[in-house]
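Reader: I would like to learn how to read helix packing and pockets in a model such as this one. Could you take me through them step by step?

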Amino acid sequence: MENFRNQIRRLIYGVLALSSAILVVIVGLIVYVTHPEVFNTKELAVETASEWRPKDPIKEMAIANMPDDVKYGYDLLTETPKFLGPEVADSEMRSTGNNLACKNCHLKTGTQVGAASWIGVTQRFPSFRGRSNSIGTIEDRINGCFERSMNGKKLPVDSKEMQAMKAYMEWLGEDMPEERIKEYKGFVSLKIPAEAVDLEQGKSIYTMECALCHGANGQGVKFPDGTMGYQYPPLWGQDSYNDGAGMHRVLTAAQFIKANMPFGQATKDRPKLTDEEAYHVAGYINNFMRPEKRNKTKDFPDRKLKPVSTPYGPWDDNFSAEQHKFGPFPPIIAYYKNKYNIKKTK
């Protein structure tokens, strides 16, 4: 009798389970017919990606919503001379050779599109780097800036300072959808002029559009508190980036200038200067003296990967140093395309 009851019980449970499954299917079909978008996961993912917004450091600090290591990274990147500059009291902390702050190039504390934004940058590493002909980490990339743009020396990879800067960059792009990474990457595109840089035209553009902030002699404007560095950075001279920096390449500088200068007027989507104007003024700026980077001839072990506007040799071609510095660049680009099938854009 007990076995019979158990069988009846199992039968009832089975019927109930089957009924529940049928009910779920019926409800699902009704929802699918009346609201098919619920099942369109791809569309939902796109909507989520488009709605994502990077963090606003100023707002987050105002509500004390910034972790301590992230806040330290923010301080280092925005007030670099105060913590790591050449005049810091603790000689062990002197990591830069100039008084620039990282934010002088990575505008709006690394959030401005078209200014080598830090939003999503850590998601792009490790990655191959032609300059070293190897796979590089985000720490390698930061140290490259310290050696070149900051005219200084590498930071220990495991140092508190390096890890804090990395933490800030990660925090900026936290939960960033993959679809949005490209939006914040690198600089704006540039149609490369067919002619060489015209230094006189570059000087005229500089005088009209740049000198107000950066000075007639490219000396920049310092904050009243010297430890804060520059409000507007010097563009040449001993306190500027060195000749091994990416910004010393005319085409790279022109891309940056087109999307961001004059400051506060130009954006990636709405540049003020034309491609030609950005090109000529970039050449004018890089025509002046700046610190010399040691051992830069060891850059790009595979010379075929060297950007065409790299102003120092050796190169894997017979074009002159003058042409590599000031153009015209299309013939050099055509050479690498024809000989090695390498498409170069800078």
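Reader: At what angle do helix H7 and H8 pack, and how far apart are their axes?

Author: Bear in mind throughout that this is a predicted model. Helix H7, residues 138-147, packs with H8 at an angle of about 110°, and their axes are 11 Å apart. Angles of 65 to 115 degrees count as roughly perpendicular, and H7 is therefore roughly perpendicular to H8. The crossing of H7 and H8 is right-handed.

Reader: Which residues of H7 and H8 make the contact?

Author: On the H7 side they are Ile138, Glu139, Ile142, Asn143 and Phe146, and on the H8 side Met162, Gln163, Met165, Lys166 and Met169. By class, the residues of this contact between H7 and H8 are six nonpolar, two polar and two charged.

Reader: How should I read the crossing of helix H4 and helix H8?

Author: The same two quantities, angle and axis distance, serve again here. The axes of H4 (residues 68-78) and H8 (residues 160-172) come within 7 Å and cross at roughly 100°, so these two helices are roughly perpendicular to each other. In H4 the residues that meet H8 are Asp69, Val70, Tyr72, Gly73, Tyr74, Leu76 and Leu77, while H8 contributes Lys160, Glu161, Ala164, Met165, Ala167, Tyr168, Met169 and Trp171. The residues of this contact between H4 and H8 divide into eleven nonpolar, one polar and three charged.

Reader: And how are pockets found, before we turn to the ones here?

Author: The general idea is that a probe the size of a water molecule, rolled over the atoms, shows where empty space is left. In this model the largest pocket has a volume of about 1,700 Å³. Its lining comprises 49 residues, and those nearest the centre of this pocket are Arg129, Arg141, Gly186, Arg249 and Lys346.

Reader: Which element gives the most to the lining of the largest pocket, and how many residues does it supply?

Author: H7 gives the most, with six residues, and strand S1 (127-129), H7 and helix H12 (250-260) each supply at least two. By class, the lining of the largest pocket has 24 nonpolar, 13 polar and twelve charged residues.

Reader: What lines the second largest pocket?

Author: The second largest pocket, which holds about 640 Å³ of space, is lined by 32 residues, of which Asn104, Leu107, His214, Pro233 and Met261 lie nearest its centre. Two or more residues of this lining come from each of helix H6 (107-110), helix H11 (211-214), strand S4 (230-232), H12 and helix H13 (275-285). The lining of the second largest pocket has 23 nonpolar, six polar and three charged residues.

Technical notes: Residues numbered from 1 in each chain as written. Predicted model: local features only at pLDDT ≥ 70, side-chain atom pairs only at ≥ 80, totals over all residues. Heavy atoms only, no water. Axes fitted to C-alpha atoms, helices over the stretch in contact; angles between N-to-C directions. Helix = DSSP H or I, 4+ residues; strand = E, 2+ residues; numbered from the N terminus. Parallel < 35°, antiparallel > 145°, perpendicular 65-115°, else oblique. Contact = heavy atoms within 4.5 Å. Nonpolar A, V, L, I, M, F, W, Y, C, P; charged D, E, K, R; others polar. Left-handed = near helix turned anticlockwise from the far one by under 90°. 1 Å grid on protein atoms, 1.4 Å probe; cavity = no way out; pocket = protein on both sides within 12 Å on 5 of 7 lines; lining within 4 Å. Points joined across faces, edges and corners; volume = space filled by probe spheres on them.
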